[in-house]
Amino acid sequence: MNIEMQSHQAEAAPAEEPLSQWLINMPEPPTIWQEFVGYIRTNVLSKKRNKMKKKSSNPVYSYLKSVFPILIWGRQYKLNMFKKDLMAGLTLASLCIPQSIGYANLAGLDPEYGLYTSVVPPLIYSMMGSSRELAIGPVAVVSLLLSSMVSDLQDPVTDPIAYRKIVFTATLGFLVDFLSHAALVGFMAGAAIVIGLQQLKGLFGLSHFTSKTDVVSVLSSVFHSLHHPWQPLNFVIGSSFLIFILLARFLGKRNKKLFWIPAMAPLISVILATLIVYLTNAETRGVKIVKNIKPGFNRPSVNQLEFNGPHLGQVAKIGIICAIIALTEAIAVGRSFATIKGYRLDGNKEMMAMGFSNIAGSLTSCYVATGSFSRTAVNFSAGCETVVSNIVMAITVMVSLEVLTRFLYFTPTAILASIILSALPGLIDISGALHIWKLDKLDFLVLVAAFLGVLFASVEIGLLLAVGISFTRIILSSIRPTVEALGRLSKTDIFGDINQYPMATKTQGLLTLRISSPLLCFANANFIRDRILNSIQKVEEGEDDEQEVKRAKVLQVVILDMSCVMGLDTSGVVALEELHQELASNDTQLVIASPRWRVFHKLKRAKLEEKVKKENIFMTVGEAVDFYVRARTTSHDMC
């Protein structure tokens, strides 16, 4: 007997209707405008009212505290905290000064611009950032990005002024934070190898070297350059101090109390190497030196920004790519150390702080600055309490710009190459790559794409491959979602995927399916409808072949669990209407369970709930199954 007799259903399960009645009598969901007004009222106006109540006499001060966290923690700052920050800042500066000079050289800029970048951005970040340990300044990967991409637009050798203008303008592009963890791991590893190969120029003192970054071009350039005259003294100085720095790092890892040894090793190397070159006149025997570093503080660079040049589009692209890498790295480093210290990093404040730091930097002769993992680790190990350590570091670098620049004239470029090479192993995260391989093979594919793209093509291609594969994965999962057949777990009201839970039981005459997509839209509506129809066909054919039921009609009810569907468009509504018509033509009922608020009201507006019938819409899958099982039992009893 057909179970579409609604009067029998109502008599069979009078207790179920009130639950569904709650669903049917729901109020209208808020419109987009209402949600926007509610968000402003809750997140902006209410916070302002609370702040006004707390300090109604000075609302401007309350607003400034939300923008500048230093006004909050600065009131509780104590002398014993400053002692720790002072030591951490001085230790940080000892590592920062040689690294900044080396990274500026890697970026194709004069050495002083690396030092400039370790002054203004850290000072701005100290006022606006929420991380206590993050050390701000130039880093190897971003320096490589700038040199590889800007040099395609302007040669830094033939016209260094035009090259600097492009770099300063690109620094303004600090607006975006988007890159997956797997892509970042692969990109960093590839970039580390490329940076290492690039340092062979300084390590061997080579004059003829390629500006390209792919491994084939770099190795080919090294091979051909070695056929030209070169001085082995460069290699002796660079490799000797590289071994010294690595040994110092090894000692620091073996004994945590000796953290200051690897932190001081680069500065000691620079001092010793510079003295050796100065006292022995090694520059006359072919040792390449840094030469002139302009003394003095940061110079204004507003007049060097170009917004109407022929390369504006390319500069914007470079700025965005550098921002993606730099912001992702900074927030990842900051969060890792915040977790260790037991506090939460505010992502919004970090983006604001990094953005304003680099905007201010671009106006004061700085290039892109971000959080350095190696310097942050040193800052953490040195016992920093707050970002005052960044302020101490910046002041120390300022003094160095005024006092030490003449001394650095005789610094060999080989020592700068060795400092950069010593920092590269930290960029290759082998354990992280293995973890990604075990966790998600598709994510590992993204990692490999970024790694190989950077290594054998270019930085842009590596990023493009990684982001392209990531987006392809998202799109495919959206347009090809799964439709799961559900069964009930014994002695519970829980329904699970029968492939995941083989012990789950199915109810004869009922097929329960769950749509796993958060959206039922034009991109996947027809695919989902076809998958549902295919599932129905398989059930009917399987049961007919086994001859379990000796009657023409086997499947009577199809229950759609829509708890995962957050929204649907007109294509989704049309697909459900077509599904309803197809099932109705075969005397099969379509039942909708667990529709979300917006989904249900879309169905109401489309009047689909009238076609499906309100009695066939339930709040839960369990309610729907119980209702039809009882209705069928009652119908058989009456027969």
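Two people discuss how terms are applied to this predicted model.

Colleague: What kind of model is this, and how are its residues numbered?

Modeller: The model is predicted, so local features need pLDDT of at least 70 and side-chain atom pairs count only at pLDDT 80 or more, while totals for chains, interfaces and linings use all residues. Residues are numbered from 1 along each chain as its sequence is written, and side-chain values use heavy atoms, with hydrogens and water left out.

Colleague: How many helices and strands does the chain have?

Modeller: The chain has 28 helices and ten strands. Both are DSSP runs numbered from the N terminus: helices are H or I with at least four residues, strands are E with at least two.

Colleague: Why is L279 called exposed?

Modeller: Exposed means over 50% relative accessible area, buried means under 20%, and partly exposed lies in between (1.4 Å probe, protein chains only). L279 has a relative accessible area of 65%, so L279 is exposed. This residue is found in helix α15.

Colleague: Which residues make the nonpolar surface patch?

Modeller: The patch is made by F244, I268, I271, L272, L275, I276, Y278, L279 and F407, and covers about 780 Å². Its largest share, seven residues, comes from helix α15 (residues 260-280). A patch takes residues with over 30% relative accessible area and no salt bridge (a side-chain nitrogen of Lys or Arg within 4 Å of a carboxyl oxygen of Asp or Glu). Like charges are joined within 9 Å, and nonpolar side chains (Val, Leu, Ile, Met, Phe, Trp, Tyr) within 5 Å.

Colleague: Why is α10 described as largely enclosed by the rest of the structure?

Modeller: Nine of the twelve residues of α10 are buried, so the description follows. Among them are Y163, R164 and F168. Their cover includes α7 (111-117), α9 (140-150), α16 (312-341) and α17 (347-362).

Colleague: How does the reach of α10 compare with the span expected?

Modeller: Helix α10 (residues 160-171) reaches 17 Å from its first C-alpha to its last, close to the 16 Å expected. The expected span is 1.5 Å times one less than the number of residues.

Colleague: What makes β4 and β10 edge strands?

Modeller: The open sheet of six strands has the order β4-β3-β5-β7-β9-β10, with mixed pairing. Strands β4 (495-497) and β10 (617-618) each pair on one side only.

Colleague: How do you know that β5 and β7 pair?

Modeller: Two strands pair if DSSP finds at least two bridges between them. Five bridges join β5 (residues 510-515) to β7 (residues 557-561), and the two run parallel. For R514, the bridge partner in β7 is D561.

Note on methods:
Accessible areas come from the Shrake-Rupley method with a 1.4 Å probe; for residues, only the protein chains shown count as cover. Contact means heavy atoms within 4.5 Å.
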